[in-house]
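Work through the exercises below with the model open beside you. Try each task before you read its solution.

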Amino acid sequence: MSSRHPAVSRRSLLKGGAVTALATAAGGTLLSRATAASAALSSGDHVPALIVGSGYGGAVTALRLTQAGIATTVVEMGMAWNTPGADGKVFANMLSPDHRSYWLRTETDQPLGYFLGSSVNKAVERYTGVLDAEKFAGIRVYQGRGVGGGSLVNGGMAVVPKRDYFQEILPSVDAAAMYGTYFPRANSTLGVNTYDAAWFETADCYQYARTARQQAQASGFTTTFVPSVYDLDYMKREQAGTVTRSALDGEVIYGNNHGKKSLDKTYLAAAAATGRLTVATLHVVTAVEPAAAGGYTVTIDQIDTTGATVATKTVRADRVFFAAGSVGTSKLLVKMRALGKLPNLPDAVGQGWGNNGNVMVARALHLWDLTGALQSGMPALGIDNWNDPAGPVFAEIAPMPAGLELWISLYLAITKNPNRASFVHDSSTGKVDLTWQTAMNQPAIDAAKRVFDKINSAEVTTYRTDLFGANKIWGDDLTYHPLGGCVLGKATDNYGRLPGYPGLYVMDGSLIPGNTGVNPFVTITALAERNIEKIITTDL
Ligand code: FAE
């Protein structure tokens with residue numbers, strides 16, 4: 001381990017009772033990644049409940065199982081992000097990504113990878129960094145890696161889907177219970193808060209959002225505030241200059257050093273406070289199969305920060321909860337079926353994957369349309385054109401924090417793209433690929449054009465053609481919102497149980513059939529709350 005990453009240090013960033021409990025109760029896992037990761041799990045261990053992955057689905061499962069009195073082991077392939085580097089910070093910012101920023105890459109793969117048509121990517125040291133740009137044949141899928149999963153890198157936008165659309169995508173789920181009980185439970189446990197509209201109107205850091213809002217409204221579109229898991233009082237103090245800046249210092253997709261209520265500070269901290277949670281970091285689950293003695297044998301590679309395997313462990317778990325994310329869970333289960341380890345998994349496992357209709361686009365503004373040199377990394381507004389039957393769009397007004405005025409309006413559009421792809425095991429390489437093709441994003445582009453062509457025409461502005469490649473308007477080859485692959489009610493029963501394998505459950509974004517119409521983590525969290533409540537009541 002290099003001197004830049006001291007092996008041991010007290011949690012200096014995360015303070016407060018719950019987090020102290022996390023550090024203590026997790027058996028030191030979050031105090032010292034060098035020692036605790038190996039101590040957390042040993043070959044031959046027999047555990048009652050093992051969770052693969054510590055994102056939203058995993059964190060909800062961990063909290064509710066531990067509260068129910070069940071000793072719970074979370075196996076997470078990424079690191080515990082609690083140790084400052086030589087610069088005193090746990091995470092790097094967007095303008096200076098380094099080894100901490102990317103999962104096992106030697107070159108950054110930035111979502112906006114170009115400027116003026118030239119690549120802005122740069123060499124980085126290969127490391128188990130926090131953001132994975134996982135490349136499939138037709139799409140790059142961005143995902144968080146570490147204790148807290150996607151919550152470490154996401155924009156914090158906490159949006160409840162429209163009720164009629166939720167009923168359309170998941171008709172077997174009781175919407176009244178979701179909207180009456182589980183969405184509110186998710187929001188309160190995640191620590192969702194809302195923008196102070198009066199402050200927003202005057203804050204320099206949201207000039208970019210106000211300009212984009214004014215132009216959207218001038219073309220007849222509606223905009224709406226989005227709730228956030230970023231501490232918006234902290235952000236006010238950042239703007240006032242009284243605390244260390246994070247969202248206002250270009251921190252978001254490579255992690256936030258302050259302000260963000262990521263899962264390690266909410267669900268996972270509360271789970272650890274029960275004293276029943278163990279978290280094994282830098283541990284990758286590679287196989288799950290029925291154990292002769294009952295339950296399941298779980299094979300796990302322990303890796304170092306270069307990604308090299310340093311130990312392989314097998315443990316027995318009475319129950320296994322798959323929460324490795326849409327991609328992670330789907331890949332693992334498709335592989336287990338292909339290798340004959342879980343041969344009876346239904347055909348629907350691996351199917352129904354979508355990118356939440358994601359497409360990115362940017363507009364070049366006039367010199368008098370200022371977006372501001374200071375931009376908050378947390379998006380506050382969305383353009384809501386979901387009710388357009390010819391092309392529903394919910395477009396977040398995204399920041400482009402560069403420290404100088406760029407006259408650019410950037411958007412991440414969520415559309416109702418109906419195309420779906422499957423995960424397929426390739427027996428010659430042993431890898432699982434995804435059948436998604438870039439051309440499948442055309443419906444998303446068509447829907448987004450209905451909004452942004454109109455705004456461009458009214459404002460006499462144009463698209464930027466230099467940010468997603470040379471002469472390329474649309475960011476159509478990437479997604480932040482992988483969903484599906486083990487769809488509820490198709491690959492699983494109506495609560496995430498895998499048919500034919502009692503004690504195996506799916507808990508994450510793979511349950512959602514490819515689209516939620518809004519940013520997905522509140523839906524994933526609320527659905528996990530619903531499912532684990534049922535599972536604890538009836539199965540445990
Ligand atoms: P996820 O959070 O991805 O957690 C899966 C965990 O499993 C990860 O920690 C993995 O490292 C781990 N894992 C995977 N495979 C294995 C294995 N074999 N063994 C051990 N561990 C494993 O899954 N959503 C919003 O709602 N609002 C936003 O503002 C937003 N912004 C985003 C910005 C970025 C840059 C990105 C990448 C995503 C964003 N999202 C946003 C999406 C959101 O973070 C994502 O939907 C959820 O994190 C998915 O939750 P899951 O529990 O499915």
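**Exercise 1. A six-stranded sheet**

Task: Which residue in strand 16 is the bridge partner of Ala364?

Solution. First, the ground rules. This is a predicted model, in which local features need pLDDT of at least 70 and side-chain atom pairs count only at pLDDT 80 or more, while totals for chains, interfaces and linings use all residues. Residues are numbered from 1 along each chain as its sequence is written, and side-chain values use heavy atoms, with hydrogens and water left out.

Step 1. Find the strands. Strands are DSSP runs of E with at least two residues, helices are runs of H or I with at least four, and both are numbered from the N terminus. Strand 13 covers residues 359–364 and strand 16 covers residues 408–415.

Step 2. Check the pairing. Two strands pair if DSSP finds at least two bridges between them. Here 6 bridges join the two strands, and they run antiparallel.

Step 3. Read off the partner. Ala364 is bridged to Ile408.

Step 4. Place the pair in its sheet. The sheet is open, with 6 strands in the order 7-14-15-16-13-19 and antiparallel pairing. Strand 7 (222–225) and strand 19 (462–463) are the edges; each has a single partner strand, so one side of each has no neighbour in the sheet.

**Exercise 2. Helices on the sheet**

Task: Which strands does helix 7 touch?

Solution. Step 1. Contact means heavy atoms within 4.5 Å. By that test, helix 7 (residues 207–218) touches strands 7, 13, 14 (381–384), 15 (393–398) and 16.

Step 2. Get the direction. Axes are lines fitted to C-alpha atoms, for helices over the stretch in contact, and angles run from 0 to 180 degrees between N-to-C directions. Helix 7 makes about 145 degrees with strand 15.

Step 3. Turn to helix 11 (residues 442–459). It also packs on the sheet, touching strands 13, 14, 15, 16 and 19. Its direction makes about 10 degrees with that of strand 13.

**Exercise 3. Partners of strand 11**

Task: Which residue in strand 11 is the bridge partner of Thr299?

Solution. Step 1. Strand 10 (residues 296–303) runs antiparallel to strand 11, with 8 bridges joining them. In this pairing, Thr299 is bridged to Thr314.

Step 2. Look at the link. Strands 10 and 11 form a hairpin with 5 residues between them. Gly307 in the turn has a positive phi of about 95 degrees.

Step 3. Add the parallel partners. Strand 1 (residues 46–52) pairs with strand 11 (residues 309–322) over 6 bridges in the parallel sense. There, Val47 stands opposite Ala317. Strand 22 (residues 504–506) also runs parallel to strand 11, with 3 bridges. Phe321 has Tyr505 as its bridge partner.

**Exercise 4. The ligand**

Task: How much of the ligand's area does the protein bury?

Solution. Step 1. Start with the shell. A residue is near the ligand if one of its heavy atoms lies within 4 Å of it. There are 36 residues around the ligand, and Glu76, Gly150, Met157, Gly509 and Phe521 come nearest.

Step 2. List backbone contacts. A backbone N or O atom of Met157 lies 2.8 Å from a ligand nitrogen atom. For Tyr56, a backbone N or O atom lies 3.0 Å from a ligand oxygen atom. For Pro520, the distance from such an atom to a ligand oxygen atom is 3.1 Å.

Step 3. Take the area. Accessible areas come from the Shrake-Rupley method with a 1.4 Å probe; for residues, only the protein chains shown count as cover. Taken alone, the ligand exposes 1000 Å², and the protein buries 94% of that.

**Exercise 5. Positive phi**

Task: Where is Leu104 found?

Solution. Step 1. Recall the rule. Most residues other than glycine have a negative phi.

Step 2. Leu104 has a positive phi, near 50 degrees. Leu104 sits in the loop between strand 2 (72–75) and strand 3 (114–115).

Step 3. Compare Asn356. Its phi is also positive, near 60 degrees. Asn356 lies in the loop between strand 12 (351–354) and strand 13.

Terms used: Polar contact = N/O pair within 3.5 Å; in protein donor to acceptor, adjacent residues only side chain to side chain.
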